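Work through the exercises below with the sequence and the model side by side, and try each task before reading its solution.

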Amino acid sequence: MNTISVVLPFSSQPHFQSTLGQFVDSPLVEKIFVVNDGSYTRPDPKCEAIISTTLTNSKTVNHVVANTTTDHLLFVTQTQKIELNQGALERFTHIAEQTGAGIVYSDYFEIKKGVRSEHPLIDYQIGSVRDGFDFGALLLLSCEPIRYAISKYGLISDVQWAGLYELRLKISIDAAVFRIPECLYTREEADARLSGEKLFDYVDPRNAAVQKEMEAVFTKHLKNIDAYLPAKFEAVARYDTRFPVEASVIIPVRNRAGTVADAVKSTLKQVTDFSFNVIVVDNHSTDGTTDILKKLAQEDKRLVHLVPGRHDLGIGGCWNEAVLSSHCGRYAVQLDSDDIYSGTDTLKKVVAMFRSGDYGMVIGSYKLVNMKLEEIPPGVIDHREWTPENGRNNALRINGLGAPRAFLTPLLREILLPNVSYGEDYAAALAISRRFQIGRIYEPVYLCRRWEGNTDAALSIEKANKNDLYKDRIRSIEILARQQLNRKPQ
């Protein structure tokens with residue numbers, strides 16, 4: 001019989017005893033580590049109380065690993081109510097044994113506002129390296145791969161929040177991480193916010209200390225898998241290409257009649273000492289957007305209104321249409337059709353940054369606002385976690401690099417963006433950062449307007465999973481590319 005030790009966070013809520021009781025009653029469970037702040041004063045059979053501030057700090061993780069004698073270690077990562085479904089623990093351990101996986105997790109049922117529904121997760125891959133990867137509430141680790149990973153890569157670092165993250169990264173190098181596409185338990189919803197409200201958690205200034213710790217752990221992982229890049233960059237080629245203007249603002253759009261005029265006007269108001277234009281790629285809008293753009297183009301010849309001949313383009317494909325066109329300037333600068341530049345000097349600041357260094361790309365900072373342009377939490381997103389020394393490595397861990405994004409056009413013409421409508425800019429930025437420096441502007445030059453019409457405002461679990469799976473795939477491609485780069489003779 002496969003035996004299990006359980007790591008369970010204590011909760012003062014009444015449901016804690018029922019959650020604990022399921023593990024106490026299971027013949028597979030030999031020991032239960034109850035992580036608590038001193039509030040757990042009546043140990044149940046099989047239980048050992050661990051006084052700790054978090055489930056995931058190095059003290060807790062190292063103690064649990066050192067004092068586990070069972071075949072498997074099950075981390076329960078939430079304090080909400082959990083009900084094990086029929087044969088759940090048996091299924092977890094059987095799959096772990098049959099696959100030889102180091103880590104096993106499963107889909108689950110979720111109760112939202114009293115309604116029970118399936119919550120599928122996504123498969124793990126080499127690029128599933130973000131610390132926020134969703135394993136659900138139950139994470140089963142096999143102890144033999146744990147011991148191997150610890151012996152090969154060392155004990156968990158002295159960290160407050162990233163202990164479990166570091167352990168799973170170490171295990172994942174040499175052992176499989178396996179998802180069971182079955183709902184093996186039921187959990188109460190842990191975070192009821194919409195997808196658009198969760199989107200910026202990782203750049204919330206209140207989480208800065210956590211993110212720094214995660215970055216340090218992740219950087220060590222990249223070194224362990226030979227995907228780390230030191231701060232040595234290629235020089236940007238001196239292109240002899242002639243351009244019609246110095247800079248082009250690129251706005252892909254489809255059915256944004258309510259916002260596109262504001263976006264276009266904010267670019268045409270830019271004050272510069274160089275020539276620029278605005279290329280709007282109108283992806284066959286049907287809501288009046290086209291008529292709005294035609295009128296604006298008649299009023300100002302700097303607006304280039306392109307309607308692609310193709311009907312198979314995502315946002316990335318629309319960008320490629322603009323960048324490959326004869327209208328595109330030396331620098332291609334992003335603006336989403338929902339958003340606006342924060343002042344009349346945004347374009348000037350972006351081009352000045354390009355001219356100040358040897359950059360293949362420049363990324364600015366933005367402020368989150370509502371449609372009345374009132375600041376909303378978390379406010380300014382400046383990605384100050386970025387450093388010239390480690391930014392391109394840490395970029396593989398986080399979900400985005402910021403905005404507005406601006407590219408050296410000849411370089412982007414070589415790389416191009418994937419023809420998709422999510423993660424296309426992230427893929428291009430990672431590819432550029434693999435070789436070239438990225439310039440950063442840390443003051444907000446862009447207003448990101450959040451409203452119910454945003455494409456990421458309230459995603460279904462299926463759509464959110466599809467997006468996460470794709471970004472992980474981008475990371476997988478980039479990690480493999482960097483590993484190949486490191487194997488080349490220097």
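The exercises go from the whole chain to helix pairs and then to single residues.

This is a predicted model, in which local features need pLDDT of at least 70, side-chain atom pairs count only at pLDDT 80 or more, and totals for chains, interfaces and linings use all residues. Residues are numbered from 1 along each chain as its sequence is written, and side-chain values use heavy atoms, with hydrogens and water left out.

**Exercise 1. Describe the protein chain as a whole, including its radius of gyration and how that value agrees with a compact globule.**

Begin with secondary structure: the protein chain has 15 helices and 18 strands, where helices (H or I, at least four residues) and strands (E, at least two) are DSSP runs numbered from the N terminus. Next, take the radius of gyration over C-alpha atoms and apply the globule rule, 2.2 Å times the number of residues to the power 0.38. For 490 residues a compact globule would have a value near 23 Å, and the 25 Å of the protein chain agrees with this. Then turn to burial, where buried means under 20% relative accessible area, exposed over 50%, and partly exposed in between (1.4 Å probe, protein chains only); buried residues make up 55% of the 490. Finally, of the contacts (heavy atoms within 4.5 Å) with a separation of 6 or more, 79% are between residues 24 or more positions apart.

**Exercise 2. Determine how helix 8 and helix 9 are oriented and which residues make their contact.**

First, fit the axes as lines to C-alpha atoms, for helices over the stretch in contact, with angles running from 0 to 180 degrees between N-to-C directions. Helix 8 (residues 260-268) and helix 9 (residues 289-299) then pack at about 25 degrees, with their axes 10 Å apart. Helix 8 is therefore roughly parallel to helix 9, since angles under 35 degrees count as roughly parallel, over 145 as roughly antiparallel, 65 to 115 as roughly perpendicular and the rest as oblique. On the helix 8 side the contact is made by Val 260, Ala 261, Val 264 and Lys 265, and on the helix 9 side by Thr 289, Ile 292, Leu 293 and Leu 296. As a last step, sort these residues by class: six are nonpolar, one is polar and one is charged, with Ala, Val, Leu, Ile, Met, Phe, Trp, Tyr, Cys and Pro counted as nonpolar, Asp, Glu, Lys and Arg as charged, and the others, Gly among them, as polar.

**Exercise 3. Place Asn 255 and find what it touches.**

Asn 255 sits in the loop between strand 10 (247-253) and helix 8, and at 23% relative accessibility it counts as partly exposed. Setting aside residues up to four places away in sequence, Asn 255 touches Ser 285, Thr 286, Asp 287 and Thr 289. The C-alpha atoms of Asn 255 and His 284 are separated by 8.2 Å, although the two residues are 29 apart along the chain. His 284 itself belongs to the loop between strand 11 (276-282) and helix 9, and its phi is near 60 degrees, a positive value in a residue other than glycine.

**Exercise 4. Which peptide bonds to Pro 378 and Pro 404 have what geometry?**

The bond from Pro 377 to Pro 378 is cis, with omega near 0 degrees, and Pro 378 lies in strand 16 (residues 375-381). A cis peptide bond also joins Ala 403 and Pro 404, with omega about 0 degrees; Pro 404 is in the loop between helix 12 (391-394) and strand 17 (405-408).
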